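User: I am new to this structure and would like to know the reasons behind the terms applied to it. Please set each value against its definition.

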Protein chains: 2
Amino acid sequence: MTDPVSEAADVKPAAAVNAEAILGLGPDLVATVEDAIDSNFAYELKSLIAPLQYGETADLIELLTPERRGRLVEIMRDRFDPEILPELDETVRDEVASQLGTATLAQAIARLESDDALYLLSSLEETKQRAVLSAIPAALRATLEEGLTYPEDSAGRLMQRDFVAVPSFWTVGETIDFAREATTLPNDFYDIFVVDPRHRPIGTVALSRLLRSKRPVRIADIMTSQPATIPVRMDQEEVAFVFKQLDLVSAPVVDDGGRLIGAIMVDDIVDVIEEEAGEDLMHLGGVREGDLYAAVFDTGKARFTWLFVNLLTAFLAAAVIGQFRGAIEQIVMLAVLMPIVASMGGNAGTQTLTVVVRALALKEVTRSNARRVLTKEILVGLFNGLLFAVLVGSVAWLWSSEIEIGLVIGAAMIVNMLAAGLAGTAIPLGLSRFKIDPALASGVFLTTVTDVVGFCAFLGLAAWLLL
Amino acid sequence: MTDPVSEAADVKPAAAVNAEAILGLGPDLVATVEDAIDSNFAYELKSLIAPLQYGETADLIELLTPERRGRLVEIMRDRFDPEILPELDETVRDEVASQLGTATLAQAIARLESDDALYLLSSLEETKQRAVLSAIPAALRATLEEGLTYPEDSAGRLMQRDFVAVPSFWTVGETIDFAREATTLPNDFYDIFVVDPRHRPIGTVALSRLLRSKRPVRIADIMTSQPATIPVRMDQEEVAFVFKQLDLVSAPVVDDGGRLIGAIMVDDIVDVIEEEAGEDLMHLGGVREGDLYAAVFDTGKARFTWLFVNLLTAFLAAAVIGQFRGAIEQIVMLAVLMPIVASMGGNAGTQTLTVVVRALALKEVTRSNARRVLTKEILVGLFNGLLFAVLVGSVAWLWSSEIEIGLVIGAAMIVNMLAAGLAGTAIPLGLSRFKIDPALASGVFLTTVTDVVGFCAFLGLAAWLLL
């Protein structure tokens, strides 16, 4: 029956495949949607958007200008898929939420799974949150209010309230029949949780395991015992670490008494990992998440703070240089060369800092090996310090025709690279010991050290030896 | 039957919960293991390690010094869990692989799932790879060799060869019976793939959906049609994007003819997301992955390259300053203040760069909104440029007692902040258009721009207006 000709015709060329080829959203679609919005073609717009998944629709909304965004949301209003909302960037979501209004928002939240509903609700500002809550049916409102009592970014905020739990003495057949009959099960689940009479998790059964077992088999015989249970107040970053370590797809969440109260699913963990890794990157760069979609004024204001702190350290460095005005007046070449020492120290320190911040996030640096990492970074600083001392020293000698200037800059280079290795390790380790996010604050401290040490060592040695 | 007293005693205080409380590996265990290795207590060691999951054992091996690591692997050799190997950092894995030797390694690979086996094999250097391949049974060897033909970091390298595929005319009952009888199914799976007679995916059924449906129901009636199929050569970053967008837990992989040849599972995607986000962070910081465990010499050598490139830009900046030696000689205060302009520009540029690099990685900046992002960043540069012009200008005026110096540094600040916004956006966008990883190369270009523009604007304006 196979027809080789038509089959060959089906074969697509194996050219560059990217996600856009699979997902519905490409630049062409965005342009078409923009045109349709501008021409007010509501019907065409609806049919363009219909085939998109909620994650793609969210991306589309984000890509539009605020004006077009507003008009699109207005057109979508009567059939707005609530699943789009949790996928939106916070700044954009606030915009869309305001536009939808309290009543529509309350309806949307009521239609979401409990974890998404809670997430959406918690992202609203307080007055709005209260207004939306009061428009939600009482039973759901109580659940959401309880959810809000858990700390932000904790397991309690991530978990779904619906899960499948059975006693260990049930059989596979009884469990399947229960799943077929029950009405309050979640849409998707990957594991069945096994509980003791006090409702504490004592095991899990992967659905694939359940499916492959015969009906009379006892759950107790196929369950994985001693499951990793997630305390409801655990931080989401720790939860993600447990998921990664144990390759989990779902995990039971327990209250302070160890009783099963919810389930966390891997798709939420994927978001957490993405978010946490992005946060570290943004913090190291001196910016916050959500920056992309914020208005110019908000972005400018948010970035101002970080730049202001940097300005203070820049003035500190300038004050150090100010101490050596006399030396610079006599040898102007010092002013020409001094930024090299500071800049190399700053870059070497940033390398160390990046490695240590990342290793802390992945829990690869712990109390057990912190000293070893510090020793290594100092040795690496010495290694590159010596190499660059020779390199920079030679160039400076040739440029200034004075070997003494070469010697001084070489020595300063070694000192500053050592300082960079030391500070690049010690600052993030110290901050994390005091429970301060090392990605957020390390950079400023580090450049302060490498600027001050760099200018001091170079100009100080020069003043001492050359004048 | 409930005994409130004993129950209350079971309740643990809700103190700081971290992952260590759930996972077996804490600093105390590491210390105990180190003692046991030093005292050569092989039996004690084995019982200490026995309760750990492979991911935790991998972490433990990473945390030890190379000497202790070697001795531990020797003790574990006869019962070495192959699942540990893919979890190890590459540098550490090479060490352990060498120690285990070709025969043990080949056995380990043969016992792993096909995706892990391929990953492990592909990470070996070529001579070692060939040696290990030739020690593997012929059937598996052929599969692995085929896997190696797929590009690195492609879907073909991530996929498992075992999956569950059924025709759409089967019933739920037939599917469950098939799963119970089949012998080559993967250990874990989350979706059943539905294929047409040419073995092309036409739908998926989540296991929870299957479980909740009655036996006579047709697969065609419960399947999600038009599933996202992953081309075997698609880059893993794109695959991860599809998984995130569609909240998938598994997806079918197809060959160039559209035929189902494998399945990708979410736990591998979690690793990809973690890896890609970490890579961007490391690249922006001028380092490579695996840096933490490399020896001092290797780390020093790897970082040297980046520092060397930075040195060239530092010399360029110094050459710019050199052009204005005359001005500095007459007004030493210029040398004191000039690093402030460069440093503020560098920091503001890094903020922009970080936002754009992150947005590119998340596909939040596309052709559709690139110009809008650029305009915004220039406006933010102007906004903060004006603010800092006033701030820095005033301080410089007070410090130097000359209003002209304040005016010059203020003007230079505005120019450099604008340049920072422009370069911080245009450089990563340009690099990504030429398919160069913007995280890897943007930083050098950016600081070159902000240093050169900063020094030129400040010293040039000063030379022009003040002398």
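User: What makes strand β5 (residues 230–231) and β6(B) of chain B a pair?

Analyst: Two strands pair if DSSP finds at least two bridges between them. β5(B) and β6(B) are joined in the parallel sense over two bridges, so the criterion is met. B:I230 has B:V253 of β6(B) as its bridge partner. This is a predicted model, in which local features need pLDDT of at least 70, side-chain atom pairs count only at pLDDT 80 or more, and totals for chains, interfaces and linings use all residues. Residues are numbered from 1 along each chain as its sequence is written, and chains are lettered from A and ligands numbered from 1 in the order in which they are written.

User: In which sense does β6(B) run with strand β7 (residues 260–265) of chain B, and over how many bridges?

Analyst: The two run antiparallel, with five bridges between them. In β7(B), B:G262 is the bridge partner of B:V253. Five residues lie between the strands of this hairpin, where B:G258 takes a positive phi near 80 degrees.

User: Why is strand β6 (residues 250–254) of chain B called largely enclosed?

Analyst: A residue is buried if 20 or more other C-beta atoms, placed from the backbone, lie within 10 Å of its own, exposed if 12 or fewer, and partly exposed in between. Five of the five residues of β6(B) are buried, so the strand is largely enclosed by the rest of the structure. B:S250, B:P252 and B:V254 point one way, B:A251 and B:V253 the other way, and all are buried. In a regular strand the side chains alternate between the two faces of the sheet.

How values were computed
Helix = DSSP H or I, 4+ residues; strand = E, 2+ residues; numbered from the N terminus.
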